[in-house]
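User: Please take a close look at one part of this protein. Then work outwards and show me how the rest is built around it.

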Amino acid sequence: RNDAAAKLQLPNLQGLVSAGVKAGRVDPVFPDETIPALVSFLSGCEPEKHRYFKEEDNCQMELLPLVMEKNGIKTAFFDGSGQLKSLMGKVSYYYGGNLKNDRELVDRFLQEHSRLKPFVSILVFSDLRKLLYQYGAGSRAYQQGVNETDNQLGRVLSYLQQQNVFRETVFVVAGISADPLLVMKGPDFRVGTILPPVGLIDFAPTIAYLQGLKLGGGGLVLW
């Protein structure tokens, strides 16, 4: 959540903000449940358009990772929600196994990234959403979870620095519900920019545009 990130000392996230761009406000989608919100984030369109609310549904729109794969861009998807396997089965690598927490998700990313060398990696963290629903955004448990998420982000950033690919890597850190956060850093983004209000559905068309691709959803290109 954007409000929680603003109140806490989060060195890794704040480092990305200072090196990239941040949205002043992000409009979520409705409903903002895990599956429809994630699919909106990855397709660039509202749930009423993609029509994917549960695993048995038939998604009506193309998803960014699959469009990238069709265009020869190797993609790895690390699914902490464990709910998108039926959609993401055609990416180069999908992992949505039994995970205790986001630390194990990052462990898996660190283990597989050097072997797979994907051009795009997407990590879906799930711990904060569980804490939000169980304890609320103002709870100590949720605030501790935000700090732990920042720690896991730091592990990813440190690894990419060690691999000497940090500077040219495009990062997108985003939430998908309530008061979502959106931070982007990369060679094509102007450092220190605060974007005007954007939509959750604007992420996918923006990243597609940077790769010379186009999505059919209703989201806007932010850059």
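Analyst: Start with cysteine 59, in the loop between helix H4 (47-50) and helix H5 (64-70). The model is predicted: local features need pLDDT of at least 70, and side-chain atom pairs count only at pLDDT 80 or more, while totals for chains, interfaces and linings use all residues. Numbering runs from 1 along each chain as its sequence is written, and side-chain values use heavy atoms, without hydrogens or water. Helices (H or I, at least four residues) and strands (E, at least two) are DSSP runs, numbered from the N terminus.

Is cysteine 59 buried or exposed? Cysteine 59 counts as buried, because its relative accessibility is 17%. Buried means under 20% relative accessible area, exposed over 50%, and partly exposed in between, with a 1.4 Å probe and protein chains only.

What touches cysteine 59? Set aside the neighbours within four places in sequence, and the contacts are Val39, His50, Tyr52 and Leu87. Contact means heavy atoms within 4.5 Å. Phenylalanine 119 is 60 residues from cysteine 59 along the chain, and their C-alpha atoms are separated by 25 Å.

Now the helices. H8 (residues 127-135) has four buried residues to note: Asp127, Leu128, Arg129 and Leu132. The buried residues of H8 pack against three helices: H3 (34-43), H7 (102-116) and H9 (140-162). Just after H8 comes glycine 136, with a positive phi of about 95 degrees.

H7 and H9 also pack on each other, at about 10 degrees, with axes 10 Å apart. That angle makes H7 roughly parallel to H9. Angles under 35 degrees count as roughly parallel, over 145 as roughly antiparallel, 65 to 115 as roughly perpendicular, and the rest as oblique. Axes are lines fitted to C-alpha atoms, for helices over the stretch in contact, and angles run from 0 to 180 degrees between N-to-C directions. On the H7 side, the contact residues include Val106, Phe109, Leu110 and His113. On the H9 side they include Gln152, Arg155, Val156 and Tyr159.

H9 has another partner. H2 packs against H9 at about 60 degrees, with axes 7 Å apart. So H2 is oblique to H9. Here H2 brings Pro11, Asn12, Leu13 and Leu16. H9 answers with Asp150, Asn151, Leu153, Gly154 and Leu157.

H2 (residues 11-19) leads to a sheet. H2 lies across strands S1, S6 and S7 (182-185), at about 60 degrees to S7. The sheet is open, with four strands in the order S6-S7-S1-S8 and mixed pairing. S6 (171-174) and S8 (193-195) are the edge strands, each pairing on one side only. The twist averages 15 degrees from one strand to the next. Two strands pair if DSSP finds at least two bridges between them. S1 (residues 21-23) and S8 run parallel, joined by three bridges. One pairing to look for is lysine 22 with isoleucine 194 in S8.

Finally, the whole protein. There are ten helices and nine strands. The radius of gyration is 16 Å, close to the 17 Å from the globule rule for 223 residues, so the protein is as compact as a globular protein of that length. That radius is taken over C-alpha atoms, and the rule is 2.2 Å times the number of residues to the power 0.38. The C-alpha atoms fill a box of roughly 40 × 40 × 40 Å along the principal axes. Of the 223 residues, 50% count as buried. Among contacts between residues at least 6 apart in sequence, 59% join residues at least 24 apart.
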